[in-house]
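Got the viewer open? Here is a short tour, one selection at a time.

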Amino acid sequence: MRGARPQDRRQLRRHRAPVHQLAVSQHPLLPSWRPLPHPASPISWSKLIPHVLSLPAARSFDDGFPNLFINKAHDIRGQHVAFLASFSSPAVIFEQISVIFALPKLFIASFTLVLPFFPTGSFERVEEEGDVATAFTLARILSMIPKSRGGPTSVVIYDIHALQERFYFGDDVLPCFETGIPLLLQRLRQLPDADNITIAFPDDGAWKRFHKMLQHFPMIVCNKVREGDKRIVRIKEGNPEGRHVVIVDDLVQSGGTLRECQKVLASHGAAKVSAYVTHAVFPKQSYERFMASNSAGPGDQFAYFWITDSCPHTVKAIGQRPPFEVLSLAGSIADALQI
């Protein structure tokens, strides 16, 4: 409520309905969201949600289409239900969408879809005739989720690639855009050189997306310039000399840009270079290039590489192997669900 006094907002928060049921699919989220061991976030879903409604492992008919069943469907009538989804690959989206569309029709009080990573978010533009903006496609599919007794579905997404994608969703769902940056800030405060941190952005887009959340830090902005047939990373503004520089972006795919940023920052005198991304996609095991064992030498290494558990398959593969550290979204999701 805009304009309400702090005590009024606290009163409103106390009267919001808590989430009674968290529906999760055993494929693939359940193993990696209970919880990831990290000393900064000892959070258990069983403490956050009174009941976890586990969906069965994926079964299929002979033709390959999923054979789905929601256990104890009668028990969730009148309950406030959240579904923790992971659209980790096109192959698993259909089965989860099927359950997501079914849950609101089970006479539940309200429904929240938690989709930490919106996988088509970086495909949001049409640059030439024939391009298909699949970010719009997925947003429109989610906009068709049936209403529950409590009204439209709330859709919680973390660090979507571009905030204007809010307008890709229809009026029948309520997109709620959250961010993992507070987890990074908490971790930075724990570092022994916390007073020597500078934030770097790999391009202008990342700066536009995150700089207001990090404006009390010195900043560096990099960009790519063309030299002949090559595109190379340059420092556009800022000075890394003697600083622990943390590169911030919303996601990483192959990691090539982050690698080039690290090299140019180190060559300009950065004492350390670390990185943070909310979504560690890393297709084709591209995280291997960041492992300490695969670095050419100390000057080629990241001091830390912080990721969240929004992409559970990646987290399962990486674990806590240096330089990676996983910052769990569990507490932030609990806050988003107003528990």
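**Start at α4**

Select α4 and look at what lies over its buried residues: the cover includes α3 (90-102), β4 (110-115) and β6 (173-178). Contact here means heavy atoms within 4.5 Å, and buried means under 20% relative accessible area with a 1.4 Å probe, protein chains only. Helices (H or I, at least four residues) and strands (E, at least two) are DSSP runs, numbered from the N terminus. You're in a predicted model, where local features need pLDDT of at least 70, side-chain atom pairs count only at pLDDT 80 or more, and totals for chains, interfaces and linings use all residues. Residues are numbered from 1 along each chain as its sequence is written, and side-chain values use heavy atoms, with hydrogens and water left out.

Now pick out Ala135, Leu138, Ala139 and Leu142, which are buried in α4 (residues 134-142). They sit on the same side of α4 because they cover an arc of only 100° around the axis, judged by the directions from the axis to the C-beta atoms.

**On to β10**

Next, show β10 (244-252), one of the elements giving two or more residues to the largest nonpolar core. Val248 is among the residues with the most contacts inside that core. Its contacts beyond four places in sequence include Ile181, Phe201, Leu214 and Tyr276.

Then click Asp249, also in β10. Which side chain of opposite charge is nearest to Asp249? Arg209, 8.1 Å away, so buried Asp249 has no salt bridge (a side-chain nitrogen of Lys or Arg within 4 Å of a carboxyl oxygen of Asp or Glu).

Notes. A nonpolar core is a set of buried Ala, Val, Leu, Ile, Met, Phe, Trp, Tyr and Cys residues joined through side-chain atoms within 4.5 Å. Buried means under 20% relative accessible area, exposed over 50%, partly exposed in between (1.4 Å probe, protein chains only). Lys and Arg count as positive and Asp and Glu as negative; His and the chain ends are not counted.
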